[in-house]
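This note concerns aromatic contacts, charges placed over rings, and cysteines. Please read the points below with the coordinates open.

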Amino acid sequence: MTDATTFAHPAGSRVRDADWLYTTTKRAMFYILVLTVVGLVGFPLLWMLISSFKTAAELYQSPPTFLPSQATIENYTELYWQSNFGFYLLNSIIVATATTVLALGIGSIAAYSLSRFDFAGLNAFAGLTLVCYMLPEVLIVIPLYSIVIWLGLADTLYALILTNTAMAMPLVLWFMRAYFRSVPRALEECAIIDGCTRFMAFRKVTLPLAVPGLVSVGMLCFNMAYNEYLFALIFTSTDTKKVLSVGLATWINQENIYSWGMLLAGAVQLTLFAMALYWIVQRSIAAGRLQGSLQGE
Amino acid sequence: MAAYNTNQPGDRLFAYLTLTPAAFLVVLLVLVPSIVVVVNSFQSVGLGATSGPFVGFDNYQNALADSTFFMALRNTFVWVFGSVAFEMLLGLGVALMLHRSFKGRGLARVIVLTPYLLPTIVAILVWRYMFNDLVGIVNALLLQTGIISRPILWLNSPDTAMMTVILVGTWKYTPFVVIAILGILQSIPQEQYEAATIDGASQWQQFWRITLPHILPVFLLTALLRTIWAFQKFDIIYILTGGGPLDATTTLPILIYLKAFVDFDVGRAAAVAVILMIMLLILIGSYALLIRRSEEKHD
């Protein structure tokens, strides 16, 4: 970068110094910009963490203090002893995991068929699922409510698992179809020639090669189901059956019963949990890539 | 893709068999409800029922004569275009910033990405606490630094509620735009910039002539996706304000929810839902046209 600026000039080094000052100032301003952006984005998270260690009395102080004058972990303990937070967390994990497993299980093999075959109705079905994916939840939630009651699944986690799976299905189908198409057919053809059935070839040859794709879509499914609010709000009513998104949302509106402290403690834990999950997945994807390269692919 | 047919005898059965569960789920839980909603919009239906007496276009007429509907319509547009505009502009700026190499870039990227990875309820919770007019840190800081003399009511005032909601939405979803644009930025060959610098092009010219055309398709696609999702957004606004105060932040999705589950009027809710659906289709259609045109120009 400095090459273009160190040209021969009667003023010589004076020009170089002026340029140095210019570039350094620009650099400094850039760093200030970065710090501002990162600060603005990250401040709420920092604030959430700090506040979760304050006592209830201090949290309701106006004007608020910055650092806790008496740090305490009572918010975290109260969270589990005096509320249904534990249930919410468990329910969220159950729904998200079950949705992911079901969506991947049903969707991956269906996507495989979509990627390999051209029989009547297959492409039309794929197009249909795309349209379904564009439909807003608010549109279909009202009749779904009636369907859920009719199936006898009102106020159960099953309702949430099934509906979330159905909503995630188009994503899995399209993503994995594209992914399977990048896996050469020849591999499973060989297996079939060697005597495997189509299903065995899928399970033993194609599926293992598609694991990175499955992990990526799985992550998306898990995230979708974990964050889902509308269906959870409408299909569950008993407090112990609620998931995190609904349970905590109810608390926010009942400030006199649940303190901000407990809410913030819950929020911190959720954040850590989400971060841990992403970190684990990142690691496994990276490890998977490494393994692939070691096998000389 | 295959030039030859390598289907085995059992493949047809395999294909249909493996697609049945997926088809079953999607048809029963997504397609059928959608059709029922359209049918319901022409009937008078109560909550819990799936059908009712036929009333023609009554529900639609009722919706269009309702002032709450137009308020919701206006709020929806303000919410969607406000937050998407901010997200795209800020996202572009932040992406450009994070594209440069500097010390600590990795960490900066992780922190900037975090709001999007956070569970929605956490984001809402934290901001509601911060924007609380009495004990929130935002008012405290603004008062202490003298920027304002009286606390702003943020989420509790009809005048500032929508603005606050847009702010929270922008904070949460800008990282999505950043990731998308960063991805495409990294695919621009460096030689183009170097050649331009040698030819004496300014930073601005380089941005306008090299960067922008290169990222335009992804930029537009991201804007389209953000718009579609923003249109359907329910949880952020509902948990932040419940649609209030005084319907100041009631958007169409929230209106549909309220009509169905608070007014118990499924027929009218369905009519609003169908209107929302039509708007979405028009939106998707026009964006798709725009993207196709920009791609043609690029080639």
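The numbered points that follow discuss a predicted model.

1. Aromatic pairs in total. Over all chains, the structure holds 38 aromatic pairs. Two of these are described in detail below, followed by a cluster of rings.

2. A pair between chains. The ring centres of A:Phe119 and B:Tyr16 lie 6.2 Å apart, with the planes at 40 degrees. The pair is therefore tilted, since that angle falls between the limits of 30 degrees for stacked and 60 for edge-to-face. The contact crosses from chain A to chain B: A:Phe119 belongs to the loop between α4 (85-116) and α5 (122-134) of chain A, while B:Tyr16 is in helix α1 (residues 11-40) of chain B.

3. Accessibility of that pair. A:Phe119 has a relative accessible area of 13% and is buried. B:Tyr16, at 33% relative accessibility, is partly exposed.

4. A pair within chain A. A:Tyr226 and A:Phe273 also form a tilted aromatic pair, with 6.0 Å from centre to centre and 35 degrees between the planes. Distant parts of the chain are linked here: A:Tyr226 sits in helix α10 (residues 211-227) and A:Phe273 in helix α13 (residues 260-294), 47 residues apart. A:Tyr226 is buried at 9% relative accessibility, whereas A:Phe273 is partly exposed at 28%.

5. A cluster of rings. Which residues do ring pairs link into a cluster? They are A:Tyr112, A:Phe117, A:Phe119, A:Phe180 and A:Phe202 of chain A, together with B:Phe14 and B:Tyr16 of chain B. Both members of the pair in point 2, A:Phe119 and B:Tyr16, are thus found in this cluster.

6. Charges over rings. Two arginines deserve inspection alongside the ring pairs. A:Arg177 lies over the face of A:Trp174, at 4.7 Å from the ring centre. Between chains, the charged end of B:Arg100 is placed over the ring of A:Phe30, 4.7 Å from the centre of that ring.

7. Cysteines. How many disulfides does the structure hold over all chains? The number is zero. For A:Cys190, the closest cysteine sulfur is that of A:Cys196, and the 11 Å between the two sulfurs is too far for a bond, because a disulfide needs the sulfur atoms within 2.5 Å. A:Cys190 is partly exposed, at 46% relative accessibility. A:Cys221 is likewise in no disulfide, the nearest cysteine sulfur being that of A:Cys132, 16 Å away. With a relative accessible area of 1%, A:Cys221 is buried.

How values were computed
Residues are numbered from 1 along each chain as its sequence is written. Chains are lettered from A and ligands numbered from 1 in the order in which they are written. This is a predicted model: local features need pLDDT of at least 70, side-chain atom pairs count only at pLDDT 80 or more; totals for chains, interfaces and linings use all residues. Side-chain values use heavy atoms; hydrogens and water are left out. Rings of Phe, Tyr and Trp (its six-membered ring) pair if their centres lie within 6.5 Å; planes under 30 degrees apart count as stacked, over 60 as edge-to-face and the rest as tilted. Helices (H or I, at least four residues) and strands (E, at least two) are DSSP runs, numbered from the N terminus. Buried means under 20% relative accessible area, exposed over 50%, partly exposed in between (1.4 Å probe, protein chains only). A charge sits over a ring if NZ of Lys or CZ of Arg is within 6 Å of the ring centre and within 35 degrees of the ring normal.
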